[in-house]
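Visitor: Could you take me through this structure step by step, giving the reasoning behind each value?

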Amino acid sequence: MGPRILTLANQKGGVGKTTTAINLATALAAVGERVLIIDLDPQGNASTGLGIARQDRGLSTYEILLGEAGIAEASVMTQVPQVAIVPSTMDLLGVEAHISSASDRAFRLRESFKRINELLVDGRPVTYVLIDCPPSLNLLTINALVAADAVLVPLQCEFFALEGLSQLLQTIEQIRTTLNPQLYIQGVVMTMYDGRNNLSLQVLDDVRSEMGDLVYDTVIPRNVRLSEAPSYGKPALLYDLKCAGSQAYLRLATEVIRRERQLNAA
Ligand code: ATP
Ligand code: MG
């Protein structure tokens with residue numbers, strides 16, 4: 001069996017997609033999984049946040065989508081044990097122009113995953129792939145949704161949290177009925193929760209009544225350590241394991257694994 005492939009998507013900017021990709025990957029690795037992050041955002045925040053400097057990025061997701069490199073060749077190990085990444089560069093900004101007229105334009109990432117077992121982390125194939133998407137429902141995000149088993153949606157605890165969600169759900173549904181019938185939503189993770197703020201609580205209630213059990217029990221608190229860590233090129237879990245943000249991502253990893261096991265046993 002291949003790895004579980006999870007796409008972190010929300011076309012809204014700044015909701016915690018990248019922070020979740022980095023720290024969930026680290027938390028999964030901490031409990032024994034071997035994880036590959038695919039940085040599919042031209043901003044390259046996941047690559048930077050994991051300490052992969054721009055000048056050190058060779059092959060990237062750009063070459064993957066162009067079919068010029070395989071996953072195993074383009075992956076690099078991070079300083080986090082058992083976490084590898086395919087970095088991104090600004091080149092990704094131009095990828096649509098190159099592939100948008102190709103009939104297989106939405107399948108480029110999925111195609112590359114056919115040979116993912118060639119990538120060895122700690123001598124063995126990876127067990128989880130996390131795909132970090134740009135804040136847009138463009139061809140990059142479509143590639144991620146077509147290549148994935150499931151979607152994980154980060155939602156920020158703010159007044160407009162649910163705005164735009166229906167568009168994302170519609171897109172997911174469209175992909176399910178056309179390009180990727182087995183796609184499902186793994187869960188919705190509420191981020192930047194501020195317990196001192198009534199609004200946060202209100203938003204959490206609203207989202208739970210709208211999305212029900214899809215919302216993870218684990219809520220990611222607003223935590224300054226989570227926002228500081230990337231400037232040191234580290235996940236928060238390495239920067240400050242004890243902080244509330246790191247602890248929340250450890251709990252989220254347990255929930256994600258439990259859901260995967262339940263879904264695959266069913
Ligand atoms: P983009 O859409 O631009 O890719 P994103 O959805 O990936 O953004 P992040 O980059 O993860 O969002 O987060 C946006 C900003 O909020 C970053 O500066 C990040 O450090 C900060 N941030 C994310 N989660 C938290 C949190 N739980 N507590 C405090 N700051 C956070
Ligand atoms: Mg991001």
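Visitor: What phi does Gly212 take just after α9?

Guide: The model shown here is a predicted one. In it, Gly212 follows directly on helix α9, and its phi is positive, with a value of about 55 degrees.

Visitor: How far apart are the end C-alpha atoms of helix α9?

Guide: Helix α9 covers residues 198–211, and at 1.5 Å a residue its 14 residues should span 20 Å. The model agrees with that expectation, because the separation of the end C-alpha atoms is 20 Å.

Visitor: Which residues of α9 are buried, and how wide an arc do they cover around the axis?

Guide: The buried residues of α9 are Ser200, Val203, Leu204, Val207 and Met211. They are placed on the same side of α9, since around the axis they cover an arc of only 100 degrees. In general, an α-helix has 3.6 residues a turn, so residues three or four places apart point the same way. The arc asked for is thus 100 degrees.

Visitor: Which elements are included in what covers those buried residues, and which exposed residues does the opposite face of α9 carry?

Guide: The cover over the buried residues of α9 includes β8 (150–156), α8 (165–178) and β9 (184–191). On the face turned away from the buried side, the exposed residues are Asn198 and Ser209.

Visitor: Which residue caps the N-terminal end of α9?

Guide: The cap is recognised by a side-chain oxygen that lies 2.8 Å from the backbone nitrogen of Leu199. The residue that supplies this oxygen at the N-terminal end of α9 is Asn197.

Visitor: Which residue in the loop between β9 and α9 has a positive phi although it is not a glycine?

Guide: As a general matter, most residues other than glycine have a negative phi. In the loop between β9 and α9, however, there is a residue with a positive phi of about 55 degrees that is not a glycine. With a relative accessibility of 23%, this residue counts as partly exposed, and its name is Met192.

Visitor: Is Thr171 in helix α8 buried or exposed, and which residues does it touch?

Guide: Thr171 belongs to helix α8, and its relative accessibility of 12% lies under the 20% cut-off, so Thr171 counts as buried. When residues up to four places away in sequence are not counted, Thr171 touches Leu137, Ile142 and Leu145.

Visitor: Where is Gln79, and which backbone oxygen does its side chain reach?

Guide: Gln79 sits in the loop between β3 (76–77) and β4 (83–86), where it is partly exposed with a relative accessible area of 45%. Leaving out residues up to four places away in sequence, it touches Leu50, Gly233, Lys234 and Leu238. Of these, Gly233 also takes part through its backbone, because the side chain of Gln79 comes to 2.6 Å from the backbone oxygen of Gly233.

Visitor: What is the phi of Gln82?

Guide: Gln82 is also placed in the loop between β3 and β4. Although Gln82 is a residue other than glycine, its phi is positive, with a value near 70 degrees.

Visitor: Which residues is Ile5 in contact with, leaving aside its neighbours within four places in sequence?

Guide: Ile5 is part of strand β1 (residues 4–8), and at 9% relative accessibility it counts as buried. Apart from those neighbours, Ile5 is in contact with Phe113, Val129, Ile131, Ala147, Ala148, Asp149 and Ala150.

Visitor: How far does helix α12 reach from its first C-alpha to its last?

Guide: Helix α12 (residues 244–265) has 22 residues, for which 32 Å is expected at 1.5 Å a residue. Its buried residues include Gly245, Tyr249, Leu252 and Val256. The reach of α12 from first C-alpha to last is close to the expected span, at 32 Å.

Visitor: How many helices and strands are there, and what is the radius of gyration of the protein?

Guide: The protein contains 12 helices and nine strands. For 266 residues the globule rule gives 18 Å, and the radius of gyration is close to that, so the protein is as compact as a globular protein of that length. Buried residues make up 56% of the 266 residues, and the radius of gyration itself is 17 Å.

Notes: Residues are numbered from 1 along each chain as its sequence is written. Chains are lettered from A and ligands numbered from 1 in the order in which they are written. This is a predicted model: local features need pLDDT of at least 70, side-chain atom pairs count only at pLDDT 80 or more; totals for chains, interfaces and linings use all residues. Side-chain values use heavy atoms; hydrogens and water are left out. Helices (H or I, at least four residues) and strands (E, at least two) are DSSP runs, numbered from the N terminus. The expected span of a helix is 1.5 Å times one less than its number of residues. Buried means under 20% relative accessible area, exposed over 50%, partly exposed in between (1.4 Å probe, protein chains only). The arc is that of the directions from the helix axis to the C-beta atoms. Contact means heavy atoms within 4.5 Å. A polar contact is a pair of N or O atoms within 3.5 Å; within protein, one must be able to donate a hydrogen and the other to accept it, and residues adjacent in sequence count only if both atoms are side-chain atoms. The radius of gyration is taken over C-alpha atoms; the globule rule is 2.2 Å times the number of residues to the power 0.38.
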